[in-house]
Amino acid sequence: DVTVKGVSINNGSYDLEYGQFDMKDCEANIIALQLESGSCSITDSTLDGFQGELEYGDTYIQNCTMNKIDVDSESGDANVDISGNLPDYSIQLDVEVGEVTVNGKKEAHSIRTSGDDSSKAIHVESEYGDVDITVEP
């Protein structure tokens, strides 16, 4: 398991075979995570970008501010709750088996939108799992 708490870092890269990745109360430019089996939790943090590749496990991003989110999961749910303005974000969500919800509204298995701010994007792919995205001021 890896826990990162209360720090400010430029870039972080984490490669875990098994276990839990937890980040809380942090500031960072880019965080990159590769996790074969386990879950990822990022809470109360400010990041410019997060790149997560998870084979088996859930991704939880809660109460955060992020410009770019890129999650690729073979099997697992992705729950993203960030501060912001939804129309600013370009969104690409693809789920083979599971549900997609954006700000409480059920969507199709695949959704693509263009955002007003080219520096903001949310991209989530999951073969098996639900994707729940909430972006609110």
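Start at the tail end of the chain, with P137. With a relative accessibility of 91%, P137 counts as exposed, because anything over 50% does. P137 sits in the segment that follows strand β12, which covers 131-136. One thing to keep in mind as you look around: this is a predicted model. Now find G84 in the structure. Along the sequence, P137 and G84 are 53 residues apart, yet their C-alpha atoms lie 4.8 Å from each other in space.

Step back from P137 into strand β12 and you meet T134. Is T134 buried or exposed? Its relative accessibility is 18%, and since buried means under 20%, T134 counts as buried. If you ignore the neighbours within four places in sequence, T134 is in contact with V80, D81, I82 and N103.

Let's zoom out to the whole chain. How many helices and how many strands are there in the chain? There are 0 helices and 12 strands. Reading along the sequence therefore gives you the pattern β-β-β-β-β-β-β-β-β-β-β-β. For the overall dimensions, picture a box of roughly 35 × 30 × 20 Å along the principal axes, filled by the C-alpha atoms. A compact globule with 137 residues would have a radius of gyration near 14 Å, and the chain has 14 Å, so the two agree. Buried residues make up 41% of the 137 residues. On the outside, the chain exposes about 6900 Å², with carbon and sulfur atoms supplying 41% of that area. As for contacts with a separation of 6 or more, 31% of them involve residues 24 or more positions apart.

How do the strands line up at the start of the chain? Strand β1 (residues 2-5) pairs with strand β2 (residues 8-24) in the parallel sense, over 4 bridges. You can spot one place to look at T3, which stands opposite D22 in β2. Next, β2 is joined to β3 by 15 bridges, and these two strands also run parallel. Here, K24 has T43 in β3 as its bridge partner.

Now look inside. In soluble globular proteins, nonpolar side chains tend to be buried together. In this model, the largest nonpolar core has 35 residues. Which residues have the most contacts inside this core? They are F21, I42, F50, L93 and I122. The strand that gives the most to the core is β3 (residues 27-43), with 6 residues. F50 is a good one to click on: leaving out residues up to four places away in sequence, F50 touches I31, L33, C40, I42, T59, I61, M66, K68, I69, D70 and V71.

F21 turns up again when you look for aromatic rings. A search of the whole structure finds 1 aromatic pair. The partners are Y14 and F21, with ring centres 4.9 Å apart and planes at 50°, so the pair is tilted. Why does 50° give that label? Planes under 30 degrees apart would count as stacked and those over 60 as edge-to-face, so 50° falls in the tilted range. Both Y14 and F21 are buried.

Two residues are worth a look for their backbone angles. D44 has a phi near 50°, a positive value in a residue other than glycine. You will find D44 in the loop between β3 and β4 (46-56), and at 28% relative accessibility D44 counts as partly exposed. N63 also has a positive phi, near 55°, and is likewise a residue other than glycine. N63, however, is placed in strand β5 (residues 59-75). With a relative accessible area of 51%, N63 is exposed.

Finish the tour at T113, in strand β10 (residues 110-113). How does T113 count at 35% relative accessibility? T113 counts as partly exposed, because 35% lies between the cut-offs of 20% and 50%. Setting aside residues up to four places away in sequence, T113 touches Y89, S90 and I91. T113 and P87 are 26 residues apart along the chain, and 8.8 Å separates their C-alpha atoms.

Note on methods: Residues are numbered from 1 along each chain as its sequence is written. This is a predicted model: local features need pLDDT of at least 70, side-chain atom pairs count only at pLDDT 80 or more; totals for chains, interfaces and linings use all residues. Side-chain values use heavy atoms; hydrogens and water are left out. Rings of Phe, Tyr and Trp (its six-membered ring) pair if their centres lie within 6.5 Å; planes under 30 degrees apart count as stacked, over 60 as edge-to-face and the rest as tilted. Buried means under 20% relative accessible area, exposed over 50%, partly exposed in between (1.4 Å probe, protein chains only). Contact means heavy atoms within 4.5 Å. A nonpolar core is a set of buried Ala, Val, Leu, Ile, Met, Phe, Trp, Tyr and Cys residues joined through side-chain atoms within 4.5 Å. The radius of gyration is taken over C-alpha atoms; the globule rule is 2.2 Å times the number of residues to the power 0.38. Accessible areas come from the Shrake-Rupley method with a 1.4 Å probe; for residues, only the protein chains shown count as cover. Two strands pair if DSSP finds at least two bridges between them.
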